[in-house]
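Reader: I would like to learn how to read a structural model feature by feature, with the general idea first and the particular case after it. Could you take me through one that way?

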Amino acid sequence: MQGLLQFTMDLFEGLGSEFAQPEPPAPRPKKVRKAAPPVATPLPFEPQVVPEEVRNTGPALPAIPLRDTLALASFIHPQATRELVLGSARVAYEFKRGKRKTIGFLVGAEGLSVRAPRWVALRDVDAAVREKADWILRKLQETQQRHARVEATRIEWKDGAEFPFMGEPVVIRLDPKHGFASVGGTLDDAEAAGGPRILRLAVAQNAEPSQIRDAAQAWLMRQARKLFIERLDHFAPLLGVRWQKLSLSNAATRWGSASADGSIRLNWRLIHFRLPVIDYVVAHELAHLRVMDHSHRFWETVESVVPDYDVLRQQLKDEAVPRWN
């Protein structure tokens, strides 16, 4: 490894003839009691001379490499079978062999997974991981930061719980006696003081957290289906396609999908995002009814109805969605 750090210590050597030779005694010395000289207090950061008998009591301790004094960041996959140190991080990754032609890398919520052909030697697998170290560490750090943001949005299901609805905060109020115009709950207008809107749920005050969560989810899914149909009907004519069926999904890592028969699947949790982000996903899936891949032609199709799709796509990746479970 190039650029080894070497620690050095400057020792203060003896000051040589630091005491002058004594003068000859006077002819008639007198016994005079001299006052003790004042003790000098060293100034801050004043170098102190180490007595020679102390300095030469034994060999100096070996210098400790700087890298050994720094704590390594850890990224450990729960099914890890191999481990490497990449830069300043310890990476334990899941390794599996399979019927494939190349070494593949996947960074997910649990960590790094590596797949390799059966004929590739383990040393070559480790070499490939080291070669991709910068990319792997960047993705692991991004995933860890995203996970931390998601954990920070975990909802505590009780009266007063808060979550985003179409990009705006909504606060739950348990109101079993409320005369609901819609099934299960109703959303009040924003408060005059500019506070969050109130979602009143027909749930008892002593309800279990799971009951409150299920009631809120049922209300959100109804709102999601209604909104998604409106946006599908808006974008389909603009793209020159026809959709046939809408299904709501609860996938952990996928926001939507489209089939050649016109079936569209959209994740109901999109309802947490602002309308422009929702529109991007709807247009994305409808565009697949014209181009069933992610080629340049596909993205041109999306851009024809959502010009700033690239910005909205990044927001979809960056914004944390509330953790429900």
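**Reading burial, cores and helix packing**

Author: Let us begin with one residue: T143 touches V107, G108 and A109, when residues up to four places away in sequence are not counted. Please keep in mind throughout that this is a predicted model.

Reader: Where is T143 placed, and is T143 buried or exposed?

Author: T143 sits in helix α4, which covers residues 133-152. The cut-off for burial is under 20% relative accessible area, and T143, at 15% relative accessibility, therefore counts as buried.

Reader: How should I class Q141, and how far is Q141 from F75 in space?

Author: Q141 also belongs to helix α4, but its relative accessibility is 40%, so Q141 counts as partly exposed. From C-alpha to C-alpha, Q141 and F75 are 8.8 Å apart in space, although 66 residues separate them in sequence.

Reader: What does the whole chain look like in these terms?

Author: The protein chain has eight helices and 12 strands, and buried residues make up 32% of its 325 residues. Of the contacts between residues at least 6 apart in sequence, 51% join residues that are at least 24 apart.

Reader: How do I go from single buried residues to a core?

Author: The general idea is that, in soluble globular proteins, nonpolar side chains tend to be buried together. Here the largest nonpolar core has 54 residues, and those with the most contacts inside it are F163, I172 and L286. Helix α5 (residues 209-239) supplies the largest share of this core, with 11 residues. A second, separate core has 18 residues, including V91, Y93, V114 and I136.

Reader: Which residues does L286 contact, once its neighbours within four places in sequence are left aside?

Author: L286 is then in contact with L232, F235, A236, L239, V241, W243 and I264. L286 is also one of the buried residues of α6, and that helix deserves a closer look.

Reader: What is the length of α6, and how many of its residues are buried?

Author: Helix α6 has 13 residues and reaches 18 Å from its first C-alpha to its last, close to the 18 Å expected at 1.5 Å a residue. The helix is mostly covered, with 11 of its 13 residues buried; among them are D279, H284 and E285. The buried residues of α6 pack against α5, β11 (256-258), β12 (263-267), α7 (296-303) and α8.

Reader: How is the packing of two helices described?

Author: Two packed helices are described by the angle between their axes and the distance between the axes. In this model, α6 (residues 275-287) and α8 (residues 309-318) pack at an angle of about 105°, with their axes 9 Å apart. That angle makes α6 roughly perpendicular to α8, because angles of 65 to 115 degrees fall in that class. On the α6 side, P276, V277, Y280 and V281 meet Y309, L312, R313, Q315 and L316 of α8. The residues of this contact divide into seven nonpolar, one polar and one charged.

Reader: Where does H272 lie, and what does H272 contact?

Author: H272 lies in the loop between β12 and α6, and with a relative accessible area of 4% H272 is buried. Leaving aside neighbours within four places in sequence, H272 is in contact with F163, P164, F165, M166, G167, L220, V321, P322 and W324. One of these partners, F163, appeared earlier among the residues with the most contacts inside the largest nonpolar core.

Note on methods. Residues are numbered from 1 along each chain as its sequence is written. This is a predicted model: local features need pLDDT of at least 70, side-chain atom pairs count only at pLDDT 80 or more; totals for chains, interfaces and linings use all residues. Side-chain values use heavy atoms; hydrogens and water are left out. Axes are lines fitted to C-alpha atoms, for helices over the stretch in contact, and angles run from 0 to 180 degrees between N-to-C directions. Helices (H or I, at least four residues) and strands (E, at least two) are DSSP runs, numbered from the N terminus. Angles under 35 degrees count as roughly parallel, over 145 as roughly antiparallel, 65 to 115 as roughly perpendicular and the rest as oblique. Contact means heavy atoms within 4.5 Å. Ala, Val, Leu, Ile, Met, Phe, Trp, Tyr, Cys and Pro count as nonpolar, Asp, Glu, Lys and Arg as charged, and the others, Gly among them, as polar. A nonpolar core is a set of buried Ala, Val, Leu, Ile, Met, Phe, Trp, Tyr and Cys residues joined through side-chain atoms within 4.5 Å. Buried means under 20% relative accessible area, exposed over 50%, partly exposed in between (1.4 Å probe, protein chains only). The expected span of a helix is 1.5 Å times one less than its number of residues.
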